[in-house]
Amino acid sequence: MTTPTGWLAAGLSIVLTAALAATPAVAQTIKKGGTLTYMIPADAPPSLDGHKENTFATLHATAPFYSTLISINPDNPSSSTDFVCDLCTEMPKPTDDGKTYTFKIRKGVKFHDGTPLTAADVAKSWQYIAFPPKGVSSAREAYMSMVDKIENPDPETVVFKLKFATSAFLPALADPFAYIYKKDILEKDPAWYEKNVMGSGPFKFVEYETGQSIKGVRNPDYYHEGKPYLDGFTAIFAAKQSVRVDAVRADRAATEFRGVPPSARDELVKELGDKITVQTSDWNCVNLLTPNQKKKPFDDVRVRRALALAIDPWKGAPALSKIATVHTVGGLVFPGSPLAATKEELQKIVGFGTDIEKARAEARKLLKEAGAEGLKFELMNRNVDQPYKFVATWAIDEWSKIGVKVTQRVLPTGPFYEALRNGTFEVAVEFNCQNMVNPLLDVAKVLPRSVYPENYGGYEDPKLIELYNSMLKETDPAKQRAKMREFETYALDTQVVTIMTPWWSRIIAHRSYMKGWKISPSHYLNLNLANIWLDK
Amino acid sequence: MTAVTAATEAPEEIRRSWRDAALGFCRRQPLGTFGLAIVVIAAVAGLSAEWIAPYSPTANDFEVMTQPPSWAHWLGTDQFGRDLLSRIIYGARTALIIGFVSAFVGGFAGLVLGVGSAYFGGKTDLVLQRVMDILMAFPLIIMALAVVAIFGTGVQNVIAAITVPLIPRCARVVRASALSIREVPYIDAARTSGFSHARIILRHMVPNVVAPFLIMLTAFVGQAILAEASLSYLGLGVQEPTPAWGLMLQGGAEEYASTAPWIAIFPGLAIALTVFGFSLFGDALRDAIDPKLRER
């Protein structure tokens with residue numbers, strides 16, 4: 001048992017370690033060399049293709065091998081507006097009333113097979129992301145709905161022409177999954193990157209043991225001078241949290257980049273003291289409880305509404321935050337963002353009311369009206385402990401309070417995605433985890449699948465699309481905010497296309513010798529390892 | 001009058017002989033009796049969980065999260081504020097349902113295949129035994145993992161996952177006993193009398209392999225409970241919020257080993273005690289039934 005003194009010590013250590021983490025790395029002399037070992041908290045990813053996948057399991061395994069056109073500033077990853085060039089030479093100023101962005105591409109960049117990387121490779125990669133040919137899957141196609149054309153007028157230039165000016169474009173371009181692939185390979189076999197790795201990033205691919213580990217070595221031809229600092233890295237897949245925490249405790253790994261729950265943080269800090277550094281951040285991630293509207297009775301909005309009404313997020317969030325990586329009650333938009341609903345605005349939306357008993361009485365009435373009294377269904381979940389299984393256990397108990405009996409089916413990551421894509425589920429614990437805090441694009445998750453490929457709710461709704469497009473094209477912030485409220489209310493209240501759970505809280509506990517890495521509000525960002533060095 | 005007296009005396013005699021046999025078993029097999037007591041306690045707990053569990057096993061109570069054992073919660077609470085004693089009592093039901101169903105289905109399938117294989121012999125025996133060899137080449141837990149990986153998690157699939165590996169184990173032992181019985185004269189006599197295969201197998205062979213079969217069944221129940229706990233611990237068995245000992249152990253051991261050890265200790269003890277109970281009872285049953293060991 002932990003004594004009050006123990007907790008005080010743990011708390012003090014956290015404050016101290018967080019303060020240490022905040023100390024600029026430039027104050028210390030960077031040491032080169034060494035191999036970073038980190039854990040990936042997942043089973044094998046469905047594939048290694050960043051364009052196709054949307055899971056961190058793919059990104060954490062492959063980001064160090066690839067370049068992107070632009071990225072967030074690795075020295076300021078918490079900012080949602082601070083972008084820097086990766087393959088481009090300088091951040092362009094838009095022309096043509098904000099509708100044209102011209103990027104100049106670095107010279108002398110080489111793929112890991114020694115061939116030169118040109119603007120043609122960049123343009124082709126982005127064309128496959130924004131306008132995937134028939135039979136090619138792009139998880140980010142919907143983010144690029146504002147793009148009209150991507151051109152490659154000469155070997156050093158890529159031009160993006162937009163249909164309309166929008167502030168959502170640059171953050172979308174900084175997507176860390178938007179790897180630059182080799183044009184020739186893409187044209188020959190677009191599926192090649194699902195099982196193979198060949199990029200131009202800071203590390204060269206060495207080997208991948210499916211679901212076990214992936215290794216990389218320093219790319220001596222890397223175009224950011226002096227980087228990477230590491231000789232190489234080994235990433236180990238481990239879905240079980242205890243395995244990962246034990247690995248950090250025993251120094252078999254320096255960290256994991258997704259996030260640990262409060263209990264693991266406290267345990268590591270208590271045992272390792274100043275050998276562990278803790279960085280925390282709000283997390284642009286939320287679990288959604290999504291009913292499959294192609295399955296009865298979830299095609300009935302009264303049933304979906306009843307499921308939303310049964311859940312009390314205001315009581316659940318503070319309690320869950322003690323045991324899981326969730327923290328804040330919020331709507332569709334990342335809490336704290338200017339476009340997010342205030343508490344008062346939220347409370348007007350179904351499932352966010354303050355009188356839970358009244359809400360549950362209404363839920364029972366709705367189920368009765370819909371002929372779904374004593375509803376039983378299966379909740380499909382992913383085999384990831386934090387916070388998926390915790391959120392599911394909480395939701396199942398909340399639903400039991402309106403007489404709904406729910407069992408849980410847990411699947412490994414690959415079959416989980418397959419079931420989502422095939423629609424072989426009744427209600428799923430899925431997620432909306434975005435990289436940049438870019439609410440205009442982040443909320444696209446609830447758009448029908450015909451527009452947003454990673455939507456699994458099984459519905460079509462022209463009005464929802466119309467509301468979204470209107471908001472996306474709005475450039476006046478006040479009007480845009482009002483339109484966001486309208487969109488959010490329609491999605492969460494009128495149609496209840498999904499049920500929100502508390503937004504996540506990101507806690508990274510890493511060995512203190514790992515330097516040069518800063519936390520961001522997303523476990524997708526700042527993962528190419530180019531800035532990391534080992535102080536040992 | 002005499003006939004009536006005789007009719008009432010006969011059941012009394014039967015009752016007495018059962019009681020004497022039971023008392024004799026207790027006297028000769030004190031450890032087995034202890035094992036049986038554990039099994040009975042677990043069975044009673046599982047059967048009467050609704051009446052004896054002090055709280056709902058699935059209801060979250062955020063006011064009492066990770067509370068140590070107290071008068072209100074004798075074995076403490078877990079991370080969701082659920083009463084551990086109630087979850088262990090209900091968990092006995094999950095364990096015993098999975099244990100008994102897997103053991104009985106696997107055992108009976110093995111019995112049929114084993115006796116059938118021995119009786120028919122020839123190519124039937126050859127093919128069946130090679131299939132059994134293949135199945136037995138995989139350790140029980142690996143085989144169960146493969147089945148769960150194919151069919152997914154959940155109580156029914158876990159039962160299937162545990163049942164499949166038990167079949168060849170039972171079939172192999174039963175076949176060995178049945179092979180010797182096949183050669184005895186009364187089986188030949190039954191054949192020459194024109195009895196059907198089913199009658200010979202069910203009436204004349206099966207009763208003679210029941211003793212080793214029953215002993216094996218008790219061992220299988222323990223093995224199945226352990227396999228269920230292992231699968232649940234690996235996240236591949238029963239899923240939350242169903243109370244299951246392995247699942248409780250997993251949740252507790254992973255995150256709260258140092259801060260709230262009771263979450264893992266009590267379900268761990270429940271698994272260990274129950275498997276121990278079945279093991280002791282099975283050993284004692286073997287000693288009691290086997291004439292070679294009975295007089296030792």
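**Exercise 1. Determine which element gives the largest share of the lining of the largest pocket, and describe that pocket in this predicted model.**

Solution. The element to start from is S14(A), which contributes five residues and thereby the largest share of the lining of the largest pocket. The next step is to place this strand among its partners: strand S14 (405-411) and helix H13 (385-400) of chain A, together with helix H7 (155-182) of chain B, each supply at least two lining residues. The space that these elements help to line amounts to about 610 Å³. Of the 23 residues in the lining, those closest to the centre of the pocket are Lys405(A), Val406(A) and Thr407(A) from one chain, and Pro241(B) and Thr242(B) from the other. A last step sorts the lining by residue class, which gives nine nonpolar, ten polar and four charged residues.

**Exercise 2. Work out which residues lie nearest the centre of the second largest pocket, and which elements contribute to its lining.**

Solution. Begin with the volume, which is about 530 Å³ for the second largest pocket. Its lining consists of 25 residues, and nearest the centre lie Ser167(A), Asn438(A), Pro439(A), Leu440(A) and Gln480(A). Turning to secondary structure, the elements that give two or more residues to this lining are helices H4 (169-173), H15 (439-442) and H17 (477-494) of chain A. Among the contributors, H17(A) gives the most, with three residues. Sorted by class, the lining of the second largest pocket holds 13 nonpolar, ten polar and two charged residues.

**Exercise 3. Characterise the fold of chain B: how many helices and strands does it have, and what are its extent, burial and contacts?**

Solution. Counting elements in chain B yields twelve helices and zero strands, and reading along the sequence accordingly gives the pattern α-α-α-α-α-α-α-α-α-α-α-α. For the overall extent, the C-alpha atoms of chain B are taken along the principal axes, where they fill a box of roughly 75 × 60 × 35 Å. The next step concerns burial, for which the cut-off is a relative accessible area under 20%; by this criterion, 47% of the 296 residues in chain B are buried. As for the surface, chain B exposes about 14300 Å², and carbon and sulfur atoms supply 70% of that area. Finally, consider the contacts in chain B with a separation of 6 or more: residues 24 or more positions apart account for 71% of them.

Notes
Residues are numbered from 1 along each chain as its sequence is written. Chains are lettered from A and ligands numbered from 1 in the order in which they are written. This is a predicted model: local features need pLDDT of at least 70, side-chain atom pairs count only at pLDDT 80 or more; totals for chains, interfaces and linings use all residues. Side-chain values use heavy atoms; hydrogens and water are left out. On a 1 Å grid over the protein atoms alone, a cavity is a set of points where a 1.4 Å probe fits but cannot get out, and a pocket is an open set with protein on both sides within 12 Å along at least five of seven lines; lining residues have an atom within 4 Å of a point. Grid points are joined across faces, edges and corners, and a volume is the space filled by probe spheres set on the points. Helices (H or I, at least four residues) and strands (E, at least two) are DSSP runs, numbered from the N terminus. Ala, Val, Leu, Ile, Met, Phe, Trp, Tyr, Cys and Pro count as nonpolar, Asp, Glu, Lys and Arg as charged, and the others, Gly among them, as polar. Buried means under 20% relative accessible area, exposed over 50%, partly exposed in between (1.4 Å probe, protein chains only). Contact means heavy atoms within 4.5 Å. Accessible areas come from the Shrake-Rupley method with a 1.4 Å probe; for residues, only the protein chains shown count as cover.
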